[in-house]
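Grab a coffee and work through these exercises with the model open. Each one sets a task, then walks through a solution.

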Amino acid sequence: MSPDGMDMSPMSLMMRRNAPLPLNISGADGHDLLTTSEADLCSNLRILPLAYLVIKETLLGEYQKRGGGLKKRQARGLVKIDVNKTGKVWDYFVSRGWLT
């Protein structure tokens, strides 16, 4: 609680910010090429499937070209979307074992 009695918990702050609803990508081009978890990622980040696939190809290709020497900060310069979304895509790739 803040000094003025307002609930400052993360959930409360998120609810106040009116976070955007997930994007319905079920009919979008390229949806059938995504795994369920990739589709969920795209929906929550509001990225269309084909754009995500280009991002995936770009980041994984560059990672391979550099022999695993690509850093998250460098990835942000390769992908022309919001840096926060790039970071979340990077974290997803790490969680899948595609990047280290």
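**Exercise 1. Sketch the fold.**
Task: work out what pattern the protein chain follows along the sequence.

Solution. Reading along the sequence, you get α-α-α-α-α. Tallied up, that's 5 helices and 0 strands. Here helices (H or I, at least four residues) and strands (E, at least two) are DSSP runs, numbered from the N terminus.

A word on the ground rules: this is a predicted model, where local features need pLDDT of at least 70, side-chain atom pairs count only at pLDDT 80 or more, and totals for chains, interfaces and linings use all residues. Residues are numbered from 1 along each chain as its sequence is written, and side-chain values use heavy atoms, with hydrogens and water left out.

**Exercise 2. Find the core.**
Task: say which residues have the most contacts inside the largest nonpolar core.

Solution. Start with the term: a nonpolar core is a set of buried Ala, Val, Leu, Ile, Met, Phe, Trp, Tyr and Cys residues joined through side-chain atoms within 4.5 Å. Buried means under 20% relative accessible area, exposed over 50%, and partly exposed in between (1.4 Å probe, protein chains only).

Next, the largest such core has 19 residues, and Tyr 52, Leu 59, Val 89 and Phe 93 have the most contacts inside it. Helices α2 (36-45), α3 (49-65) and α5 (83-96) each supply at least two residues of this core.

Now zoom in on Tyr 52. Skipping its neighbours within four places in sequence, Tyr 52 is in contact (heavy atoms within 4.5 Å) with residues including Leu 34, Leu 41, Val 89, Phe 93 and Trp 98.

Finally, step back: buried residues make up 28% of the 100 residues in the chain.

**Exercise 3. Trace the salt bridges.**
Task: find which residues share partners in one salt-bridge network.

Solution. A salt bridge needs a side-chain nitrogen of Lys or Arg within 4 Å of a carboxyl oxygen of Asp or Glu. The structure holds 4 of them.

First, Lys 65 meets Glu 62 at 3.6 Å, N to O. Both sit in helix α3, 3 residues apart, so about one helical turn separates them. Lys 65 is exposed at 69% relative accessibility, while Glu 62 is buried at 17%.

Second, Arg 66 also bridges to Glu 62, with the closest N and O atoms 2.8 Å apart. Arg 66 is partly exposed, at 37%.

Third, Lys 72 pairs with Asp 91 at 2.8 Å, N to O. This pair links distant parts of the chain, as Lys 72 is in helix α4 (residues 72-78) and Asp 91 in helix α5, 19 residues apart.

The network, then, joins Glu 62, Lys 65 and Arg 66.
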